[in-house]
Structure formats: C-alpha cells, structure tokens
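Work through the following exercises with the sequence and the model open side by side. Each task is followed by a solution that goes step by step.

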Amino acid sequence: MIAFCVTFLLVFCIYLLLTAGSGTIGFWSASELVAGAGLGIVVAGITRKFLCRSDNYRMANPLRLLLIPVYLLGPFLVEVTLANIDVAGRVITGRIRPGIIRVTSELKTDLGIFMLANSITLTPGTITVDIEEKGNDLFVHKINIMPGDEQKEAVPARELFSIADIPAWIRRIAE
Amino acid sequence: MIGYFSPVAFILVALVFLAMLRLVLGPTPADRAVAVDTVNTLMVAVLILLGVVYRQIIFIDVAIVYALLSFVSTLFIAKYIGGEL
Amino acid sequence: MIADILIIAFLAVGTFFNTLGIVGLLRFPDVYTRMHATTKMTTFGSVFTALAVIIYGGASWLGSMDTGYAILSIHTLIAAVALAFTNALGSHAIARGAHRSGIKPSPAVVDRLEEVQP
C-alpha cells in the first residue's frame, strides 16, 4: 500500500509538471487534474513493484530528497566542470594513458551503488564498465591512470575525485 | 534575444553530420552504438533550440519523448552487443 | 541585459563542449576513450544549451508575464534532467556490452576486469 501511494505521488507530480499552466485551479484546469489522478492510479497499480523493490522507505524522507538537488548543484557540478575541462585538454593534446582499474566503494545499498556509478560515469575521465555483485566493487575505465596505480589491486573511490568527497555525500543521501 | 539560437542549432546539425562519419567508419558495432547515442543527444539539443526559434512548445515535448525512447533503444543495442539478448 | 550575457555565455560553452566531444569521437583510438569524449562532453554541452533556453524562458516570462514562457522553461528543465540521467546509464550499458563482446581496450596499461571475467 505504501509502495502504491509513493508511486502514485511521483507519477501525479510529473504529470502536473508537464501540464502546468493549462487552467485556473492553481496552474491547472479541472480536466487535467482528473486525467492526472486517473492515469496515476492506473500506472501506480501496474508499476509499484518496479519503483519500490525492497521494503525500505528511507528515500521517502523529505530531508534526503532535499539533499539531492544540493548535491547535484554543489559538489557534483564542480566535479563535472573540472572533469570536462580536463577531458577537453586531452582531446586537444591527445595525451592519454587508459586502462581499467578496480574501485572499492564501501557502499552497501543498491541505490548507493547506482548513484556512485552514475556520478563516476559523468565525472573525471572515468566510466563504470561493470559491477561485481558480491562485494559491490566497480570496474572503472580511466582515461589517465596515475603512474603507480596500475600496480595496486584496488583503488578507493575517494581517490577518483579531485576536490569534493563524493562517496561521503552519497552515503549521506542514500544510506 | 531569439537570434542567437538559430546559428547554434545550425552548428549542432553540422556536428550531427560529423558524428555520422564515425557511424560509417566505426570498425566495431560498439563504435557505431556510441555514434548513434551521440547523434541522439545532439538531436535532443537541436529540438530544444528549434522549439525556441519556431515558438512551439510541442517541439520540447517531442524532445523529452525522443530522449527517453533513444535511451530504451540504446539499452537494447547494448544488450545485443553484449550477447545477453 | 544580464540575461542576454548569460544566454550568450551558456550557448558558447555548450557549442564549445559539443564540438570538442565530436572531435574526440573522431580522434580517440578505441571505443572506451571515444565514450569518454562523447558521454561527458556532449551531455555537458547539451545541458548547457538547455540552460540557456531555461534562462531565456524565465527572463521573457518576467518581462511579459506570458505563461507560455514559463511552460517553456519547465519542459526544458524536464528534458535536460532526462538527458543527463539517460546518457550516463546508456553509456554504462554500452561499455559493459562492449567488454562482454570481447572488445579489449587496445592502448591500455592495465585491465583488471579481464582477469575476473573470461
């Protein structure tokens, strides 16, 4: 039942965002509100098992949801900008030293691993290639491996980022 | 203000044709998949800019649906390349 | 006036990074490095062109109070978010598929995944 309500609220909010400005009740017309509620009930009935796979509603906490935009606009944006300037320099000069390394994450939940993998893919010269399901280790393709890193068995996730401590932020949000 | 958007859209369409060069040349299927992904991203940006130039919000709705559909197609192509389908 | 400067700056940044992304796609030696160029720089550039459109919509809405411009901004924001998320996931899927199909990173100093996965 909680899964149904959470999914319904999410679908309804997205529908309201897409139809804002259509009428006079708030920003919406009455027919759009009714259509959004009806579609929300149908979609939530079908897909409630996909959104809430585990019986764990930590992410429904509004404080955690508020942390996500702060994280995206703060440390994450800084890292992405630095990474893009770095890769732009490598495109022009052509100095690369690529390879695939193993990265230990120390995160335990699926959502935490998902957010870390996405953050790694969008930030500094790194792409997540595969995930080891047992130990939650990531295999990361890095465009410029530091001399000496290729000897190590595994690299902690913190060392992939230059300024901000991204794994600590993700632990704060998702765990 | 609106005059700035159409030259940028033109440049992005030129870049789409350059990306198609990799689509033709690409030695492996994965290279071609990457090129198709790039073309999709650029087309979404072009659609957003054209929505401003022609003053049609429907273009931007089309861009949202295009982004999501191209994501699904990319996932299927990637699964097929990896031999998991 | 400030909006004008911001729009020009964002459009310039977006075009610059998109161009460099395509140059990287044509120039780098193997699939994984090409993916570095496209998946990061093209996403970043496209999100910045979308930000220019968002600022244009917001400024025009404040100037004329026409709700059409506000709708333009909201829809562009949704498109930009969808673009950023789907691109990261899609490139991850392509990298995984490429490694499973046997394409090795050809100039590479180390490949830890190959030791685990035959």
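**Exercise 1.** Determine where C:Met65 is placed in chain C, what is notable about its phi, and whether it is buried or exposed.

*Solution.* C:Met65 belongs to the loop between α2 and α3 of chain C, where helices (H or I, at least four residues) and strands (E, at least two) are DSSP runs numbered from the N terminus. Its phi is near 55°, a positive value in a residue other than glycine. With a relative accessible area of 56%, C:Met65 is exposed; on this scale buried means under 20% relative accessible area, exposed over 50%, and partly exposed in between, with a 1.4 Å probe and protein chains only.

Before going on, note that this is a predicted model, in which local features need pLDDT of at least 70 and side-chain atom pairs count only at pLDDT 80 or more, while totals for chains, interfaces and linings use all residues. Residues are numbered from 1 along each chain as its sequence is written, chains are lettered from A and ligands numbered from 1 in the order in which they are written, and side-chain values use heavy atoms, with hydrogens and water left out.

**Exercise 2.** Carry out the analysis of phi, location and accessibility for B:Arg55.

*Solution.* The phi of B:Arg55 is near 60°, a positive value in a residue other than glycine. B:Arg55 is found in the loop between α2 and α3 (58–81) of chain B. Its relative accessible area is 54%, so B:Arg55 is exposed.

**Exercise 3.** Describe how α2(C) packs with α3(C), and give the classes of the residues in their contact.

*Solution.* Two packed helices are described by the angle between their axes and the distance between the axes. Here the axes are lines fitted to C-alpha atoms, for helices over the stretch in contact, and angles run from 0 to 180 degrees between N-to-C directions. Helix α2 (residues 31–64) and helix α3 (residues 67–100) of chain C pack at an angle of about 175°, with their axes 7 Å apart. That angle makes α2(C) roughly antiparallel to α3(C), given that angles under 35 degrees count as roughly parallel, over 145 as roughly antiparallel, 65 to 115 as roughly perpendicular and the rest as oblique. The contact of α2(C) with α3(C) has 18 nonpolar, 13 polar and no charged residues, where Ala, Val, Leu, Ile, Met, Phe, Trp, Tyr, Cys and Pro count as nonpolar, Asp, Glu, Lys and Arg as charged, and the others, Gly among them, as polar.

**Exercise 4.** Treat helix α3 and helix α4 of chain A in the manner of a packed pair, and name the residues that make the contact.

*Solution.* The axes of helix α3 (residues 62–73) and helix α4 (residues 75–93) of chain A come within 3 Å and cross at roughly 25°. That makes α3(A) roughly parallel to α4(A). From α3(A) the contact is made by A:Val70, A:Tyr71, A:Leu72 and A:Leu73, and from α4(A) by A:Pro75, A:Phe76 and A:Leu77, contact meaning heavy atoms within 4.5 Å. By class, the residues of this contact divide into seven nonpolar, no polar and no charged.

**Exercise 5.** Which residues do B:Thr41 and B:Ala45 touch, leaving aside those up to four places away in sequence?

*Solution.* Start with B:Thr41, which lies in helix α2 of chain B. At 4% relative accessibility B:Thr41 counts as buried, and it is in contact with C:Thr42, C:Ser46, C:Leu83 and C:Asn87. Next take B:Ala45, placed in helix α2 (residues 29–53) of chain B. B:Ala45 counts as buried at 2% relative accessibility, and it touches B:Leu12, C:Ser46 and C:Thr49. As a last step, consider B:Ile60, 15 residues from B:Ala45 along the chain: the C-alpha atoms of these two residues are separated by 9.5 Å.

**Exercise 6.** How many aromatic pairs does a search of the whole structure find, and what is the geometry of the pair formed by A:Phe8 and A:Phe12?

*Solution.* The search finds 10 aromatic pairs over all chains. The rings of Phe, Tyr and Trp (its six-membered ring) pair if their centres lie within 6.5 Å, and planes under 30 degrees apart count as stacked, over 60 as edge-to-face and the rest as tilted. A:Phe8 and A:Phe12 are stacked, at 5.6 Å centre to centre with 10° between the planes. Both lie in helix α1 (residues 2–18) of chain A, four residues apart, about one turn of the helix.
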